[in-house]
Amino acid sequence: MADLQVTLNRLKLRNPILVASGTFGYAREMAAFVNFSELGGIVPKTVTGEPRIGNPPPRTVETSSGMLNSIGLDNDGIDVFVNKHVPYLTELDTALIANVAGRTVDDFAMLAERLAGVAGIAAVELNISCPNVSGGVDFGTNPDSAKQVVEAVRNACSFPVIAKLTPNVTDITAVAAGVAEGGADAVSCVNTFQGMAIDWRRRKAVLGNVLGGLSGPAIKPLALRCVYQIAKSVDIPIIGIGGISTIDDVLEFLVAGATAVQIGTANFYNPAVSGSMATLLNQQLDADGIRSVAEIVGSIHQKTQQSC
């Protein structure tokens, strides 16, 4: 059997298969479909300091090979998350990576400090890239601002820190360099692409908030490009996200430079998909005579260097 363990600086995982924030609820909803011990980790939906009711409906719409969502970070706030959801999540046989979002640098630091005393959390993922709320991508589009958020969180807690990046920028490598300089252990790449859907007969937008985030198979080539560019230019571990639904998708992201992956939209139409991926990955690596995940991570870059 191949060695599936992966290391993202201070964060060590039993395998590289994670589930993306906002697509797996608080795990209770998926218990009938997934053996959690088969996952490298779980990223629950984003939590904010205060409860949020989210955006007006409709909040989702199916598109060609994808989905637009405009949930708006609907959640019950940090206190309910810690008191109600964390006790269940920390009992599961997999790593818990909390995902947080704030309006200011101090908000992020406060959330990290609130989580710092909670046992069982493996890492914190910073949502500096949500396109569905006012100011949601402000930190993720400016390398200096992104760096400041990471630094503040590093000072507020001892958890490994993952910065979730937005693709809605001119140069994603500049933001990746900023969070790396700020001390991020890894980056999640990428969040959704901003888009919209229109009902031309009614002459209006389909989503209640007009704009939403596009995810699913339609964005995979774009997400792969982002992972490839970051891996080529910035020395920081990457968690690849974007349209992953098959083992081939997983392997493409690993070859592009991702150390781990998060499965998102596929959880909605195939709730069992995440639980099968580690087994499929092991089978494929064995079939190809590959002894560990590490051998394949970023191998496209090694091939490119050899051919030059």
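**Exercises on a predicted model**

A polar contact (a pair of N or O atoms within 3.5 Å, one able to donate a hydrogen and the other to accept it) of 2.9 Å links the side chains of Asn191 and Ser129. The model is predicted, with local features needing pLDDT of at least 70 and side-chain atom pairs pLDDT 80 or more, while totals for chains, interfaces and linings use all residues. Residues are numbered from 1 along each chain as its sequence is written, and side-chain values use heavy atoms, without hydrogens and water.

**Exercise 1.** Place Asn191 and state whether Asn191 is buried or exposed.

*Solution.*
- Step 1: Asn191 sits in the loop between strand S10 (186–189) and strand S11 (193–196); strands are DSSP runs of E, at least two residues, and helices runs of H or I, at least four, numbered from the N terminus.
- Step 2: Buried means under 20% relative accessible area with a 1.4 Å probe, protein chains only, and exposed means over 50%.
- Step 3: Asn191 has 10% relative accessibility and so counts as buried.

**Exercise 2.** Find the order of the strands in the barrel.

*Solution.*
- Step 1: Two strands pair if DSSP finds at least two bridges between them.
- Step 2: Strand S3 (residues 17–19) and strand S16 (residues 260–263) pair in the parallel sense over 3 bridges.
- Step 3: Leu18 has Gln262 as its bridge partner in S16.
- Step 4: The barrel has 8 strands, in the order S3-S4-S7-S8-S9-S10-S15-S16, with parallel pairing.
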